[in-house]
Amino acid sequence: MYSDSTYSDSLKADLQELSNVPEISVNAFLSSENVSVGDTLTYTVALSVDAPVVLPVIAQSSVNAKGISQESVKQVSSREISQGKTISKVEFVYTLSVNDTGNLSLPKLSFAIPQGDSLPLVIQSEPYSFYVESPFNPLPFLGGLFCAFAIVLVAFLKKKKQVKSKGVVLICITS
């Protein structure tokens with residue numbers, strides 16, 4: 001449960017005030033822009049509501065999509081008081097594993113804020129798209145480099161053997 005001291009005393013009254021449609025903002029971001037297959041990422045959806053207490057927010061969907069698996073989710077709640085205005089902040093931090101390449105998209109996520117006896121207020125995030133690259137595999141490059149080195153070495157040894165078999169003798173003349 002939350003540790004906000006005003007939470008238990010005034011929650012019902014504050015939730016009824018929310019029926020006047022509070023200021024709500026939803027921001028989402030991915031931990032990295034350079035993504036390869038096999039990477040583990042965090043996807044954060046931050047909800048900010050103009051409310052005097054930390055509000056309970058319930059996630060109603062998951063991030064599972066083609067090429068993406070949700071490993072875990074964590075919820076972090078806080079409130080901020082600035083210039084006499086109280087903002088309730090809730091972050092959902094999803095840990096994702098990527099197992100496909102190309103253009104991938106995280107779906108819209110739904111979150112519900114209870115409003116006393118009436119229906120909950122449902123908020124949705126926007127879908128989030130990003131590109132996943134194939135991981136760089138150095139083995140073909142290293143294999144080609146090794147083959148080129150072997151060919152040059154064989155050619156050098158063959159040339160050295162030819163020079164030795166011809167019996168070329170170097171004569172140094174000194175005065």
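Biologist: In the open sheet of three strands, what is the strand order?

Modeller: Bear in mind that this is a predicted model. The sheet is open and its pairing is antiparallel. β4 and β9 are the edge strands, each pairing on one side only. That puts the order at β4-β8-β9.

Biologist: How many bridges join β8 to β9?

Modeller: β8 covers residues 110–115 and β9 covers residues 118–124. Ile113 has Leu121 as its bridge partner in β9, and Gln115 stands opposite Ser118. The two strands run antiparallel, and the bridges joining them number five.

Biologist: Which residue takes a positive phi in the hairpin of β8 and β9?

Modeller: Two residues sit between the strands of this hairpin. The phi in question is near 65°, and the residue that takes it is Gly116.

Biologist: Now the other hairpin: what is the phi of Gln83?

Modeller: Gln83 has its place in the loop between β5 and β6, a hairpin with two residues between the strands. The phi of Gln83 is positive even though Gln83 is a residue other than glycine. The value is near 55°.

Biologist: Is Gln83 buried or exposed?

Modeller: The cut-off for exposed is over 50% relative accessible area. Gln83 comes out at 82%, so the call is exposed.

Biologist: In what order do the strands of the four-stranded open sheet run?

Modeller: Here too the pairing is antiparallel. The order is β1-β3-β6-β5.

Biologist: Which strands are at the edges of that sheet?

Modeller: In the order β1-β3-β6-β5, look for strands that pair on one side only. From one strand to the next, the twist averages 15°. The edge strands are β1 (24–30) and β5.

Biologist: How many bridges pair β5 with β6?

Modeller: β5 spans residues 68–82 and β6 spans residues 85–98. One bridge partnership to look up is Val76 with Glu91 in β6. The strands pair in the antiparallel sense, and the bridge count is 14.

Biologist: And how many bridges pair β3 with β6?

Modeller: β3 takes in residues 40–50, and it pairs with β6 in the antiparallel sense. Thr44, for one, has Val93 as its bridge partner in β6. The bridges here number eleven.

Biologist: Which residue in β3 stands opposite Ser25?

Modeller: β3 also pairs with β1, in the antiparallel sense and over seven bridges. Opposite Ser25, in β3, stands Ser48.

Biologist: How far apart in space are Val57 and Glu91, C-alpha to C-alpha?

Modeller: Val57 is found in the loop between β3 and β4 (58–59). Its relative accessible area is 7%, so Val57 is buried. In sequence, Val57 and Glu91 are 34 residues apart; in space, the C-alpha to C-alpha distance is 9.5 Å.

Biologist: On to the rings: is the pair of Tyr43 and Tyr94 stacked, edge-to-face or tilted?

Modeller: The structure holds three aromatic pairs. For Tyr43 and Tyr94, the ring centres are 6.4 Å apart and the planes stand at 35°. Stacked needs planes under 30 degrees apart and edge-to-face needs over 60. At 35° the pair is therefore tilted.

Biologist: How many residues apart in sequence are the parts that Tyr43 and Tyr94 tie together?

Modeller: Tyr43 lies in strand β3, whereas Tyr94 lies in strand β6. So the pair ties together parts whose separation in sequence is 51 residues.

Biologist: Are Tyr43 and Tyr94 buried or exposed?

Modeller: Buried means under 20% relative accessible area. Tyr43 has 0% and Tyr94 has 1%. So both Tyr43 and Tyr94 are buried.

Biologist: Which residue joins Tyr43 and Tyr94 in a cluster?

Modeller: Ring pairs do the linking here. Along with Tyr43 and Tyr94, the cluster takes in Tyr128.

Biologist: What is the area of the nonpolar surface patch that Phe141 helps make?

Modeller: Phe141 lies in helix α2 (residues 139–165). Its relative accessible area is 56%, so Phe141 counts as exposed. Leu139, Leu142 and Leu145 make the patch together with Phe141, and the area is about 440 Å².

Biologist: Finally, what percentage of the residues in the protein chain count as buried?

Modeller: The secondary structure comes to two helices and ten strands, running α-β-β-β-β-β-β-β-β-β-β-α from the N terminus on. The protein chain has 175 residues, and the buried share is 29%.

Technical notes. Residues are numbered from 1 along each chain as its sequence is written. This is a predicted model: local features need pLDDT of at least 70, side-chain atom pairs count only at pLDDT 80 or more; totals for chains, interfaces and linings use all residues. Side-chain values use heavy atoms; hydrogens and water are left out. Two strands pair if DSSP finds at least two bridges between them. Rings of Phe, Tyr and Trp (its six-membered ring) pair if their centres lie within 6.5 Å; planes under 30 degrees apart count as stacked, over 60 as edge-to-face and the rest as tilted. Buried means under 20% relative accessible area, exposed over 50%, partly exposed in between (1.4 Å probe, protein chains only). Axes are lines fitted to C-alpha atoms, for helices over the stretch in contact, and angles run from 0 to 180 degrees between N-to-C directions. Patches are made of residues with over 30% relative accessible area and no salt bridge: like charges are joined within 9 Å, nonpolar side chains (Val, Leu, Ile, Met, Phe, Trp, Tyr) within 5 Å. Accessible areas come from the Shrake-Rupley method with a 1.4 Å probe; for residues, only the protein chains shown count as cover. A salt bridge is a side-chain nitrogen of Lys or Arg within 4 Å of a carboxyl oxygen of Asp or Glu.
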